[in-house]
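The following exercises are to be worked with the sequence and coordinates at hand. Each task is followed by a solution in steps.

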Amino acid sequence: MDLRIGHLYPDLMSIYGDRGNVIALSQRAAWRGIDVETRTFTAGEARFDPDWADVYFFGGGQDQGQDLVGADLAGPNGDALRRSIAGGAAVFSVCGGYQLLGKEYVPDTGEPIPGLGVLDVTTRAGKVRFVGNLLCETDDGKMLIGFENHSGYTYLGPLAKPLGRVIAGHGNNGTDKTEGAVQGRLIGCYLHGSALPKNPWLADQLISWGLARRHGAVDLAPLDDTDEDAARAQAAEVAKTRT
Amino acid sequence: MTPRSLRTIAAVAAGKATRIALQRLGRGATALPGIVALNLAPNAIASLSATMTHGTVCVSGTNGKTTTARMLSDIVRAAGWAPVHNRSGSNLDRGIAAALLADSTWGGELRGNVGVFEIDEASVPRVLTRLVPRVLVVTNLFRDQLDRYFEIDALAKRIAQAIAGLPDSTTLVLNADDPIVAYLGQSHRGPVLFFGVDDPAVGGTVAQAISDATRCPRCKAPLRYTRVILAHVGDWRCDHCGLERPPRDVAAAAVRLGANATEVRLAGAVTGAIDDLVVPLPGLYNAYNALAALAAARVLDISLSTAARALKAFKPAFGRLEIVEAEGRRLRLLLVKNPAGFNAAIGALLETGRRPRILGALNDRDADSRDVSWIWDADFEALAPRIEHATITGLRGRDLALRLKYAGVPRDRVTVVDGWAPAIRAAIDATPPGEELVVIATYTAMLSLRDALARLGYVGQFWED
């Protein structure tokens with residue numbers, strides 16, 4: 001069995017250790033005997049092959065990178081990514097990547113900048129930048145820990161469900177206590193950290209979704225997550241007591 | 001005696017009193033006296049530093065500023081000058097004020113005649129409003145503690161704005177190999193000196209994962225590299241707008257890297273008949289630090305042979321490749337704070353060809369970076385296959401242990417230990433006598449480890465020098 005990981009715009013959108021998410025996806029698949037291949041997709045390249053990747057990672061970037069990527073996604077590469085998602089590929093996006101998958105980004109001044117529109121979320125420029133540890137809990141009681149660093153405030157539309165509820169930190173917009181968004185096999189969130197190594201259940205969810213595209217439903221063998229759980233517990237303690 | 005405002009004199013006296021009180025308590029007094037003085041007289045830095053006959057050199061950048069400033073401080077001392085230097089690495093404006101206080105009389109008279117100030121890169125704009133340096137050195141700009149500085153583009157822009165406000169009596173000394181830093185020269189109306197590594201044998205051709213500036217700082221088109229030395233540092237050019245690595249005024253034609261020293265053959269306009277420069281520190285990044293210090297010394301009109309003599313006798317700063325002997329083991333202390341610094345340190349370590357035994361300590365206090373995600377950008381994958389054993393500790397030691405796991409270090413080679421003294425104990429026990437233990441730690445973790453080592457009788461307090 002094999003898993004194909006597409007890393008979107010790693011030269012422009014990889015910040016705050018986002019690379020760790022690709023490392024986590026590929027290692028956790030490899031430890032289960034799944035063959036892994038990672039390809040990178042970047043701006044201005046020949047049109048993405050929309051049929052290749054099973055799961056994408058789309059990280060955060062600096063303003064400059066985000067502008068270039070936004071422009072690229074407005075062209076044929078955006079169409080290819082939309083087709084790929086319609087064909088069942090999963091996406092894990094963080095921060096800038098999350099915002100760009102949404103409907104639009106509304107800056108302080110000037111016209112709204114359209115996003116790819118595959119996630120039913122809208123982001124507005126905020127006054128205060130949210131920086132700090134971010135701890136949340138999903139509806140079924142799973143914990144998520146990361147480090148947020150964003151000044152865009154994201155609001156969910158009816159098609160997107162929150163990934164979790166904020167316990168410590170700010171999350172999507174600092175007011176409605178939601179963090180992240182889930183819509184089909186798409187996930188967006190503000191969890192840097194990196195997110196997936198310390199939240200292995202989420203990594204495994206994405207691996208399952210990715211494998212399902214070409215291999216159908218697959219039961220993932222359990223891994224020993226003692227180290228992952230210890231790191232999450234230590235970080236959660238910091239989030240609760242020092243943030 | 002130069003007239004001093006009463007306000008400055010009062011501020012100096014209050015700052016000095018704070019310093020004495022702290023030292024009686026056994027504290028380093030590297031910042032608080034400065035805070036006290038700056039609160040009483042916000043222009044204390046300008047007022048105190050204005051009398052320096054040889055002017056002031058400010059050294060900033062993400063990595064290498066402490067070592068470069070210390071090298072330069074040794075060089076000016078070798079030239080017979082008396083530097084005022086914030087040696088303890090307290091590099092915000094309060095640290096600079098504290099250094100000035102330590103070297104001034106109760107009446108506000110400075111005992112030194114040249115300022116050598118290491119400045120936190122985020123503090124450059126503020127410090128430049130407080131003093132006009134004769135020389136401003138920028139070593140490099142890498143991704144650092146992003147939760148504090150946010151993004152490198154924004155930081156570079158703020159530094160460029162501050163530089164644009166400097167008079168043409170200030171000379172900039174910039175790293176030609178770092179496009180973000182080299183581009184800062186365009187904001188300055190005065191003279192600019194560039195340093196860099198020309199040795200064609202140094203560096204590869206592929207940009208590293210941690211690159212922050214693969215795009216042109218002027219037109220944002222992708223840069224083309226014929227040589228990549230570290231992250232975005234290398235031999236770069238923008239094919240779109242024509243911006244390129246500027247000609248070097250001080251350059252290394254050849255660099256020879258050893259386990260404990262780096263030899264540099266100088267090229268370009270500065271070369272006379274001179275032997276290779278010997279820097280008693282391993283690692284290519286120390287060649288860069290030496291080049292930056294040499295270029296600054298040149299602006300100060302200090303002879304190359306004087307500078308070379310000072311560099312040859314150089315001793316590293318706190319946590320920058322210090323060596324500590326403990327129970328027959330050699331502890332090599334490496335301070336790390338960002339991916340580029342980590343990769344450079346690891347590169348130097350791996351060049352020795354050994355299988356390192358490591359004590360790794362990760363903290364997440366303000367001075368370390370509260371966001372520990374940078375460890376995922378650092379190239380632990382290069383280190384992993386060579387690790388003999390790793391003892392891991394720190395407030396976020398579990399994150400570091402996890403990083404090693406995902407880099408492929410076998411679990412039985414990693415021990416996680418809570419507490420500084422127990423971690424040192426375990427790491428020494430895991431290192432046979434006569435062998436080396438590499439201590440890699442973030443800033444406050446290194447402070448705590450140093451403290452624990454001192455209590456075990458292995459090392460002095462770092463602010464004693």
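Helices (H or I, at least four residues) and strands (E, at least two) are taken as DSSP runs, numbered from the N terminus. The model is predicted.

**Exercise 1.** Describe the fold of chain B by its elements, burial and contacts.

*Solution.* Begin with the elements: chain B contains 16 helices and 17 strands. Next, consider burial: 58% of the 465 residues of chain B count as buried. Finally, take the contacts in chain B with a separation of 6 or more: 70% of them join residues 24 or more positions apart.

**Exercise 2.** Check the length of helix α1 of chain A against its residue count, and determine how far the helix is enclosed.

*Solution.* Helix α1(A) covers residues 19-30, which is 12 residues. At 1.5 Å a residue, the expected span is 16 Å; the end C-alpha atoms lie 17 Å apart, which agrees. For burial, the criterion is 20 or more other C-beta atoms within 10 Å of a residue's own. The buried residues of α1(A) include A:Val22, A:Ile23, A:Leu25 and also A:Arg19 and A:Arg28. Because 10 of the 12 residues are buried, α1(A) is largely enclosed by the rest of the structure.

**Exercise 3.** Analyse the side of chain B that touches chain A.

*Solution.* The contact draws 23 residues from chain B and 27 residues from chain A. On the side of chain B, the elements giving two or more residues are α7 (146-149), α8 (152-164) and α14 (397-406). The largest share, 6 residues, is supplied by α14(B). Sorted by class, this side of chain B has 12 charged, 9 nonpolar and 2 polar residues.

Terms used:
Residues numbered from 1 in each chain as written. Chains lettered and ligands numbered in written order. Predicted model: local features only at pLDDT ≥ 70, side-chain atom pairs only at ≥ 80, totals over all residues. Expected span 1.5 Å × (residues − 1). Contact = placed C-beta atoms within 7 Å. Nonpolar A, V, L, I, M, F, W, Y, C, P; charged D, E, K, R; others polar.
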